[in-house]
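User: Could you walk me through this model? I'd like to go one spot at a time, with the cut-offs spelled out.

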Amino acid sequence: FFFFFNEGEVILQNQKPLACHRTLANATTRCGRCLKETRDGAFCDECASNARREFADFERKYVDMTALNQYCANNGGLKFPLLCARIAAMILSGSLNEQTLEWLCHASNVNNQETIPPQWIEEARLLSAAFNGTDDGLITPEWYAGVTSRLHLNAFRVEIPPTSSSTTSSDWKSAMVASLDAITTGRGSGSAIYVLPSLLNHSCAPNVDVKWESGDAAVTLRASDDVAPGEELTITYIDANASIDARQRALEPYGFTCACARCVEDRQRST
């Protein structure tokens, strides 16, 4: 089947993530399951019962994240160890199949102890210690490297815009400043992995915008331009407004050199 989308048209609406986790900076301001704003960081009313079943009861009973949280804080607010911990708890709670993430692209050269980055080995050790022997042998350096390499290439930084429910204009201004600062620094509201959006390839001239329009981690994809039948849907992994040199540097962690039409044109113009 081939579809045509007009600019601004919804391609995918409010798809919930397979798994997500708020940043350490948002630990007391957002729901631990859907990333919706909450007053004290507790689960929102819609998520409370599902969160308990999916991961929270297991985490509360068996997992001590103190050392791992401190490690993440000491290293610039790392996000993926937290998301890995959530994924492990979901697997062990039976709400996420262990093979679910295997279809995502990943770095194939980090599948044994000799090639796994030392930082990931340390993070795997801390994560295993956090579960204190209750992980049924799930959390190994190889498992952690496999999941983390997939998160690096496929996870989204969730950027939920501030709501208009602030009571004063100064509150609204503060929320906007905080939101823009989060986008600039890369903190955002949290990190998430999705079924379909995580499969989209990159372009420096994407035809799809990624948006969080429902106040939580549910993602919506909208056509940023007219999309012809059979045309590949693409998003940008980086700041597409940057120069070609800056864009290529930003893409280095993803392991490819962009050859989209815009990059080809930019290179020709610069020679």
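**Contacts of T220**

User: Let's start with T220: which residues does T220 touch?

Analyst: Leaving aside residues up to four places away in sequence, T220 touches V10, L12, Q13, N14, D209, V210, K211 and E213, where contact means heavy atoms within 4.5 Å. Please keep in mind that this is a predicted model, in which local features need pLDDT of at least 70 and side-chain atom pairs count only at pLDDT 80 or more, while totals for chains, interfaces and linings use all residues. Residues are numbered from 1 along each chain as its sequence is written, and side-chain values use heavy atoms, with hydrogens and water left out.

User: Where is T220 found, and is it buried or exposed?

Analyst: T220 belongs to strand β7, which covers residues 219–223; helices (H or I, at least four residues) and strands (E, at least two) are DSSP runs, numbered from the N terminus. T220 is buried, as its relative accessible area is 0%, with buried meaning under 20%, exposed over 50% and partly exposed in between, using a 1.4 Å probe and protein chains only.

User: What lies 3.0 Å from a polar atom of its side chain?

Analyst: That is the backbone nitrogen of N14, 3.0 Å from a polar atom of the T220 side chain.

User: Switching to sheets, what is the order of the open one with three strands?

Analyst: The order is β2-β4-β3, with antiparallel pairing, and two strands pair if DSSP finds at least two bridges between them. The edge strands, each pairing on one side only, are β2 (19–22) and β3 (156–158). From one strand to the next the twist averages 25°, where axes are lines fitted to C-alpha atoms, for helices over the stretch in contact, and angles run from 0 to 180 degrees between N-to-C directions.

User: How many bridges join β3 to β4?

Analyst: Three bridges join β3 to β4 (residues 190–193), and these strands run antiparallel; V158 has G190 as its bridge partner in β4.

User: Which helix packs on that sheet?

Analyst: Helix α3 (residues 80–93) packs on the sheet and touches β2 and β4, its direction making about 135° with that of β2.

User: And how do α1 and α3 pack?

Analyst: Helix α1 (residues 48–62) packs with α3 at an angle of about 105°, their axes being 8 Å apart. That angle makes α1 roughly perpendicular to α3, a label that covers 65 to 115 degrees, whereas angles under 35 count as roughly parallel, over 145 as roughly antiparallel and the rest as oblique. On the α1 side R53, E54, F55, F58 and E59 take part, meeting A85, R86, A89, M90, L92 and S93 in α3.

User: Any odd backbone angles, say at L35 or N132; what are the phi values there?

Analyst: Phi is near 70° for L35 and near 50° for N132, positive in both cases. Most residues other than glycine have a negative phi. L35 sits in the loop between β2 and α1 and is buried at 0% relative accessible area, whereas N132 lies in the loop between α4 (118–131) and α5 (141–154) and is exposed at 63%.

User: Last one, C72: where is C72 found, and what does it touch?

Analyst: C72 is found in helix α2 (residues 66–74) and is buried, with a relative accessible area of 0%. Not counting residues up to four places away in sequence, C72 touches L24, G77, L78, P81 and L82. The C-alpha atoms of C72 and I11 are separated by 35 Å, the two residues being 61 residues apart along the chain.

Note on methods:
Polar contact = N/O pair within 3.5 Å; in protein donor to acceptor, adjacent residues only side chain to side chain.
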